[in-house]
Number of protein chains: 2
Amino acid sequence: MQSGNERTRVVIESVRPEVDAGRFPIKRIVGEKVVVEADVFADGHEALSCVLLHRREGTPRWTEVPMEPLVNDRWRGEFTVTELGRYRYTLQAWIEPFQSWQRDLQKKVDAGQDISVELVVGAELLRSVRSRASADDKKQLESAAATLTRKGRAERKVHVALDEQLAKLVARYSERRFATTYQRELTVVVDRERARFSTWYEMFPHSCAPKPGRHGTFKDCEERLAYVAAMGFDVLYLPPIHPVGHTHRKGKNNSPLAGAKDPGSPWAIGSEEGGHKAVNPLLGTLEDFRRLMDKAKETDIEIALDISFQCSPDHPYVREHPEWFRWRPDGTLQYAENPPKKYEDIYPFDFETEDWQELWQELKSIVLFWIEQGVRIFRVDNPHTKPFDFWERLIDEVKRDYPEVIFLSEAFTRPKIMYRLAKLGFSQSYTYFAWRNANWELSQYFTELTQMDVREYFRPNLWPNTPDILTEYLQSGGRPAFVTRLVLAATLGASYGIYGPAFELCENRPRQRGSEEYLDAEKYEIKHWQLDRPDSLKDFIARVNRIRKENPALQNDWSLSFHQVDNEQLICYSKGTEDLKNVIVVVVNLDPHYTQSGWVELDLDKLGVDTHQPYEMHDLLADARYLWQGQRNYVDINPHVVPAHIFRLRTQTRRGKDFE
Amino acid sequence: MQSGNERTRVVIESVRPEVDAGRFPIKRIVGEKVVVEADVFADGHEALSCVLLHRREGTPRWTEVPMEPLVNDRWRGEFTVTELGRYRYTLQAWIEPFQSWQRDLQKKVDAGQDISVELVVGAELLRSVRSRASADDKKQLESAAATLTRKGRAERKVHVALDEQLAKLVARYSERRFATTYQRELTVVVDRERARFSTWYEMFPHSCAPKPGRHGTFKDCEERLAYVAAMGFDVLYLPPIHPVGHTHRKGKNNSPLAGAKDPGSPWAIGSEEGGHKAVNPLLGTLEDFRRLMDKAKETDIEIALDISFQCSPDHPYVREHPEWFRWRPDGTLQYAENPPKKYEDIYPFDFETEDWQELWQELKSIVLFWIEQGVRIFRVDNPHTKPFDFWERLIDEVKRDYPEVIFLSEAFTRPKIMYRLAKLGFSQSYTYFAWRNANWELSQYFTELTQMDVREYFRPNLWPNTPDILTEYLQSGGRPAFVTRLVLAATLGASYGIYGPAFELCENRPRQRGSEEYLDAEKYEIKHWQLDRPDSLKDFIARVNRIRKENPALQNDWSLSFHQVDNEQLICYSKGTEDLKNVIVVVVNLDPHYTQSGWVELDLDKLGVDTHQPYEMHDLLADARYLWQGQRNYVDINPHVVPAHIFRLRTQTRRGKDFE
C-alpha cells in the first residue's frame with residue numbers, strides 16, 4: 001500500500017459554521033464570538049484533544065483554543081473577533097495516549113487488578129513527551145515517571161498517576177506528528193457594528209427644498225438632517241446624486257415625455273455634466289456633498305450612496321467607451337428592458353464585453369472615488385442583474401483596503417440568487433419582508449433568516465416601503481398598517497429602513513389598482529412634503545427608534561423566537577441578549593382594521609423566567625406596566641390606538657434582579 | 001482586476017447526492033438510477049441549459065443527459081448505472097441566448113411592439129452557432145436566419161422564430177465557452193444486487209456435526225445447506241474458520257480455563273497449524289471448504305467469511321512479525337482489553353507500527369487469498385477498532401479488481417463512527433436495530449436510515465440476535481418476541497440476518513440477569529441443536545423469506561414509510577416499488593405478551609390508493625384477504641397466534657389493475 005497520512009487516525013467533519021464547504025466566508029461584527037462545532041472522533045476508544053485555531057488574515061501565527069466535547073462526538077470551541085477585516089479558522093485534533101492510559105488505569109484499579117506493568121507503561125508515556133517540555137516541566141515529568149516505577153506503595157503511585165494536573169501537563173506537549181488538521185481553512189469577514197444594527201432613512205434630495213417647485217439641493221438636505229436625526233435614524237440613504245440624462249428622460253408617473261421642469265429619474269445616470277463620479281449640479285457641488293456628510297456626522301447620521309451601474313444615453317461612457325455597451329444591428333444602443341417594459345432612459349453595461357477587464361476596473365474606481373469622498377455605506381441597485389463574479393471581486397478588493405465599508409444588496413429576486421449575493425460579500429440584504437403579512441409567513445420567513453445556516457452570511461435589512469414598493473397592505477390598511485409595519489420592521493430586524501417622508505406621512509395612493517407603484521412617484525418628480533402634518537408618524541418612529549437604541553436585545557437578529565398566540569391575527573416574538581438581562585417581547589395586531597385579542601403563550605424557559613413567579617411586562621410604547629404570571633396571558637389590541645406592544649420583560653428571579 | 005473565470009455566469013450549487021463535499025462516493029446497485037438535483041441559476045433572467053454528465057471510471061468520454069428545471073431554481077436529471085464498479089458524475093450549465101431571445105420576442109409580439117430589429121438580432125444568434133453545426137443543420141439554421149431578415153410577412157417570421165424545434169436545434173450547438181462546470185466530480189460505487197437485498201444466516205461450523213460431542217466439519221456444513229436453503233437464506237456467514245489458538249484458550253462461558261475438548265473461540269485466530277490463510281484442521285481442508293462453497297452455490301447460497309484482524313498468542317505472525325504487535329515493558333505482548341475486561345487469548349495488531357506498510361499489505365493479502373478461493377462476501381469484525389484509512393484503502397483496492405465483493409461492517413459503536421465506516425467503503429452495516437423496540441424509536445431510527453442523506457452510503461443489515469447479542473426483549477418475550485423481531489428485521493430491512501439455530505429455536509437464556517450474552521454460548525463450546533423441534537420457527541422463517549423473494553417492495557429500503565396507529569404497541573409501515581405495482585403494508589404487535597388492537601391510518605395517497613374505493617389487504621402470513629376502505633381500519637393482533645400482518649395491498653383503481 002502506498003504511503004499517505006495513514007497514521008492520522010482522528011477524523012474532523014461536519015464543521016459548523018461553514019458555508020458551501022468553505023467556498024464563502026461567514027460574517028461577524030467586531031466583538032462577536034465565532035462558536036465552532038465539529039464531529040471529532042477516531043477509531044477505537046482513546047482519549048482525544050481538539051483545538052480551534054484562529055488568526056487574523058496576514059498574521060502568520062495561529063492562536064489555539066481548546067475545544068470541549070459535548071455529546072455524540074460533537075466538540076465545541078469559540079473565539080472572539082476583535083478587529084475589522086478577515087479572520088481564518090480551522091481545527092486540529094489528536095490522540096492523547098496518556099489520558100487514555102489514565103482512564104484505563106482507573107478502571108483497572110477499581111477492579112483491583114495488578115497494575116505493576118501499567119505503571120511502567122505510564123512512566124514511558126510521561127518520558128516520551130519530555131523532549132518537547134520546558135526545563136521545569138521536564139523535571140516534573142521525570143519526577144512523576146520516577147514515582148511510578150520506583151519501589152513504594154501502590155496507592156501513592158496511583159495518586160500521582162491519575163492526577164488531572166499531570167494529564168494537563170502532558171497534554172501541553174502531546175505528540176502531534178499524527179495530528180489531523182481539518183482540510184479547510186474557513187474565513188470570517190468582520191464588519192463594524194452598523195452592518196448588524198442600523199436604522200435607515202431613504203430620501204430624495206431633489207424634494208428637499210423648503211418651498212414647493214424648486215429642485216432640492218445638498219444644502220436643503222443639511223436642513224433636513226435635524227428632522228431625520230430626531231426620528232432616530234443613523235443611515236441616510238440618498239438615491240443617485242449624479243447628473244441625470246436628458247435623452248428619453250421620463251416625466252411624471254413614468255411618462256415617456258418629460259416636461260421641462262421634470263427632474264428625471266435619478267437612476268438615469270450621466271449627462272454632459274458628468275457620470276458616476278460627478279454630482280448633479282442642481283444638487284450642488286462635490287464640496288457641498290462633502291459638507292452634507294460632515295454635518296450628518298455631527299448628528300450621528302451616516303450618508304449612504306446608491307451604486308447603480310447603468311447609464312443614461314447621455315453618459316460620457318457611452319461616447320468614450322461604446323465597447324462597454326450592447327449595440328443593436330440597427331446601430332442603436334440596447335436600452336434596458338423587461339419585455340414588454342422598456343427603459344429607454346437607461347443603458348445597461350455589457351459585463352460580458354471583450355473589454356470586461358477595463359469596464360470592471362472602471363466600475364470599481366467609481367466605488368473608490370466615493371470612498372475617497374468619505375462614503376462608507378453603499379446601497380447597490382439591482383446587483384442580481386450583474387455577474388456574481390463581478391460583485392465578489394469588487395467587494396473583496398474594496399474591503400481589503402476599507403474593511404469598514406458596508407454594501408447593501410437591493411436584490412428583490414429569487415431566494416437563491418439573493419442568498420448567493422449575500423454569500424459572495426454583501427454586508428446586508430433587502431428581504432421579502434414587505435410582502436410577508438400573515439403570522440405564519442412572518443414566523444416561517446424570519447425563522448429561516450435568523451435560525452438557519454443562512455444567518456451566517458445573510459444579514460436582513462427590512463423595508464416596509466421603498467420608492468418602488470407600496471404594498472397592498474399599506475394601500476388598504478391606512479395609518480394602522482403603517483404603524484404595524486414599522487413596529488414589525490424595527491423589532492424583527494436589527495436593521496430596517498423606510499422611504500420617507502412618504503412613510504411617516506402614510507402616503508398610500510397607488511398609480512392604479514393592483515400596482516405597487518406610487519401615484520405621482522417621487523422618482524419622477526419633485527415633491528413637497530408637509531413634514532409637520534399632525535398625523536405624521538415621526539414622533540412614533542422616534543419612540544420606536546429610541547427603544548431600539550436603549551435595548552440591546554433589538555440590536556441583533558439571532559435571538560429571535562416566536563411564541564404561540566391562539567389568534568392568528570396576532571403575532572408574538574421575543575429577542576434577548578445572551579445573558580437575558582435585556583429581553584423584549586413584541587405583540588403585534590396584524591389586522592389594521594379591527595381590535596384583536598387572544599392568549600399569548602410565552603416560552604418562559606427560553607426567556608429565563610421562573611414559571612411560578614410574576615414578571616413585569618413594561619410596554620415601552622405606552623409606558624404601561626403589567627404584571628404577568630405563567631405562560632398564558634391575555635392581550636387585546638386596538639389598531640386604531642397602537643397596534644402593538646413592545647414589552648420589556650423584567651423578572652426578579654433566576655437570572656439576576658433587573659427591576660429598575 | 002485579474003482574469004479568471006469571470007464570464008462563467010451560471011452558478012451550480014447544493015448538488016445532491018453528494019457526501020461530504022464529494023469526499024466520499026454514493027452507493028448504488030447495478031440497474032439503479034442516480035437522480036441528481038442542483039440549484040442552477042445565473043444573474044439576470046436569461047434562459048439556461050443544464051446537463052448531467054456521467055461516465056464509468058476508466059471511460060474517457062462523458063455521457064450527457066439534459067436536466068429539467070423543477071421550481072425555485074432547482075434542476076433534476078438522472079442516469080442509470082449498468083455495470084459494477086465506479087461511476088463519476090458532474091454537471092454543466094450555460095446561458096441560452098437564443099431561448100432568452102425567443103421568450104422576450106414572444107412578450108414583445110404579445111404587446112404588439114415593433115420587432116424588426118429583434119428579428120435581425122435573432123438571425124445573428126442563429127448564425128453565431130453555425131460554425132459548430134453539421135452540414136444539414138447549418139443549412140437549416142441559415143434558412144431560418146434568412147427568413148427572419150428577408151422581406152415578408154411578420155407572422156411568418158414570428159412563426160419560424162418562435163419554433164421550439166429551432167430552439168432545440170440551436171441548443172445542440174450552444175456556445176459553451178463560458179459554461180460552468182461544477183467544481184467537483186462525484187463518485188458512485190456500484191455493487192451487485194446482494195449488497196442491497198440479502199438474507200443472512202450465521203452458523204458455527206464447529207456445531208454442525210450430526211451427533212453430539214463431535215467437532216463439526218465442512219462436510220457437516222454441506223449436509224446443513226439444505227436446511228438453511230429451505231428457510232430461504234442466501235448468505236451463509238461462518239465465524240472464522242482458521243486454526244484456533246491454545247494459549248489462554250477460553251473455556252465454556254468464557255472461562256479462563258479451557259477443558260481439553262473445548263474448541264476455543266474461533267476469533268482467537270492462529271496456531272502452529274497456521275493463521276488467517278489456513279483452515280482449522282478440525283473443520284477439514286481448504287479443499288473441503290471450496291467444495292462447501294460449490295455445494296452452497298447449487299442451493300443459491302453464498303458463503304460469507306469473517307475478517308477478524310487479530311491473533312491468538314500462537315499465531316505464526318507473532319513469531320514471524322513481532323514488530324506488528326504492541327509489547328509491554330515486561331516483555332509480554334499486549335493482549336486485547338476493554339478495561340477491566342481482558343481478552344488474553346487475543347492480540348490486536350499495532351496498526352501504528354513503524355512497519356505499518358508491510359502489515360497493511362499482508363492484511364490485504366488475506367482478503368485476496370480468500371477471494372482467490374472464491375469468497376465474495378466478508379463480514380468484518382470490529383472494524384471500528386482499526387484505523388479508518390486502513391479500511392478505506394483496503395476496500396478501495398480490493399474492489400477495483402473485484403467490484404462484486406461485499407463487505408459487511410460489524411461495528412456496534414457510536415453513530416458517527418458507524419456512518420464513517422459506511423462512507424469509506426463498507427457495502428453494508430450492522431445497525432442498532434437489536435435495541436430498538438418501541439414504535440417511536442423504530443420509526444425515528446429507520447426514517448433516519450432510509451429517508452435521510454445517510455442512505456446514500458449506509459446500507460443497513462438488521463440482526464435481531466448475534467452470538468454476542470441476546471437482547472432483553474428476546475430474553476423476556478418468549479417465542480412471540482422472536483417472531484416479532486424476525487418480521488421487523490425481514491420487512492424493515494432489505495438485508496437482515498439471524499444467528500441460528502439459536503434464533504429459530506428461540507434460545508433465550510442469558511449467562512446471567514442483565515447480561516446480553518448467551519448462557520453456554522456457542523462461541524466457546526460445541527452445541528448440538530435439535531433442528532426438528534416442533535416449536536422451531538424454521539417454517540415461519542421460510543414463509544417470511546419467500547414473501548421477501550416474491551415481493552420486490554421488500555427488496556429495497558428507500559420506499560419505507562411509517563403510518564399512524566392509535567395504539568403505540570402496534571407499528572405500521574409500508575414499502576412499495578416505484579410504480580406501486582407491488583405494495584406491502586406491515587402491521588406488527590410490539591407487545592409479545594398481550595393482544596393489542598387499534599386503528600391504523602394509512603397514507604393512501606402515498607400508496608396509490610383511491611380513497612373512495614375498497615382495496616384488498618392480503619395477509620401473506622395467514623393467507624387471509626380483507627377488504628379495507630378509506631384511511632382508517634381496525635386491526636387486532638394476538639402475539640400468541642401470529643404477532644404481525646404482512647399485507648400485500650391490491651387495488652383496482654388508479655395505478656393499474658393488479659388483483660390477481
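This is a short dialogue on reading strands, burial and symmetry in a predicted two-chain model.

User: Let us start with one residue. Where does A:Glu37 sit, and is A:Glu37 buried or exposed?

Analyst: Begin with the cut-off. Buried means under 20% relative accessible area. A:Glu37 has 19% relative accessibility, so A:Glu37 counts as buried. The residue belongs to strand S3 of chain A, which covers residues 33–42.

User: Which side chain makes a polar contact with A:Glu37?

Analyst: That of A:Arg76, with a polar contact of 2.7 Å between the two side chains. Now look past the neighbours within four places in sequence. There A:Glu37 is in contact with A:Ser14, A:Val15 and A:Arg16. The list also holds A:Met67, A:Leu70, A:Arg74, A:Trp75 and A:Arg76.

User: What is the order of strands in the sheet that holds S3 of chain A?

Analyst: Read a sheet across its strands, then check its edges. Here the order is S1-S3-S7-S6 in chain A. The sheet is open, has four strands, and pairs them antiparallel. Its edge strands are S1 (10–16) and S6 (68–69), each pairing on one side only.

User: How many bridges pair S1(A) with S3(A), and which residue stands opposite A:Val10?

Analyst: Five bridges pair S1(A) and S3(A), in the antiparallel sense. Opposite A:Val10 stands A:Ala42 in S3(A).

User: Which helix lies across these strands?

Analyst: Check the chain letter here. Helix H11 of chain B, residues 415–424, lies across S1, S3 and S7 (74–80) of chain A. Helix H11 of chain B runs at about 70° to S3(A).

User: How are chain A and chain B related?

Analyst: Two copies of a chain are related by a rotation about an axis and a shift along it. In this model, a rotation of 180° with 0.0 Å of shift superposes chain A on chain B, with an RMSD of 0.1 Å. The two copies are therefore related as by a two-fold rotation axis. In chain A, the C-alpha nearest the axis belongs to A:Ala21, 3.3 Å from it.

User: Through which surface do the copies meet?

Analyst: Compare the interface residues of each copy. Of those in chain A, 100% are also interface residues in chain B, so the copies meet through the same surface.

User: Where are the domain bounds in chain A?

Analyst: A domain may be written as more than one segment, as here: domain 1 covers 10–96 + 177–190. Domain 2 covers 113–172. Their C-alpha centres lie 31 Å apart.

User: Why is strand S24 of chain A described as largely enclosed?

Analyst: Count its buried residues. In S24(A), residues 570–576, seven of the seven are buried, so the rest of the structure largely encloses the strand. Then check both faces. A:Leu570, A:Cys572, A:Ser574 and A:Gly576 point one way, while A:Ile571, A:Tyr573 and A:Lys575 point the other way.

User: Which strands pair with S24(A)?

Analyst: S23 (residues 561–565) joins S24(A) by three bridges, antiparallel. A:Phe562 has A:Tyr573 as its bridge partner. Four residues separate the strands of this hairpin. S25 (residues 583–589) joins S24(A) by seven bridges, also antiparallel. A:Cys572 has A:Val587 as its bridge partner in S25(A). The hairpin of S24(A) and S25(A) has six residues between the strands, and A:Leu580 there takes a positive phi near 60°.

User: In which sense do S12 and S13 of chain B run, parallel or antiparallel?

Analyst: Parallel, with three bridges joining S12 (residues 235–237) to S13(B). B:Val235 stands opposite B:Glu302. Six of the six residues of S13(B), 302–307, are buried, so this strand is largely enclosed by the rest of the structure.

Technical notes. Residues numbered from 1 in each chain as written. Chains lettered and ligands numbered in written order. Predicted model: local features only at pLDDT ≥ 70, side-chain atom pairs only at ≥ 80, totals over all residues. Heavy atoms only, no water. Helix = DSSP H or I, 4+ residues; strand = E, 2+ residues; numbered from the N terminus. Buried < 20%, exposed > 50% of the residue type's maximum accessible area, 1.4 Å probe, protein only. Polar contact = N/O pair within 3.5 Å; in protein donor to acceptor, adjacent residues only side chain to side chain. Contact = heavy atoms within 4.5 Å. Pairing = 2+ DSSP bridges. Axes fitted to C-alpha atoms, helices over the stretch in contact; angles between N-to-C directions. Least-squares fit on C-alpha atoms with pLDDT ≥ 70 in both. Domains from an automatic or database assignment.
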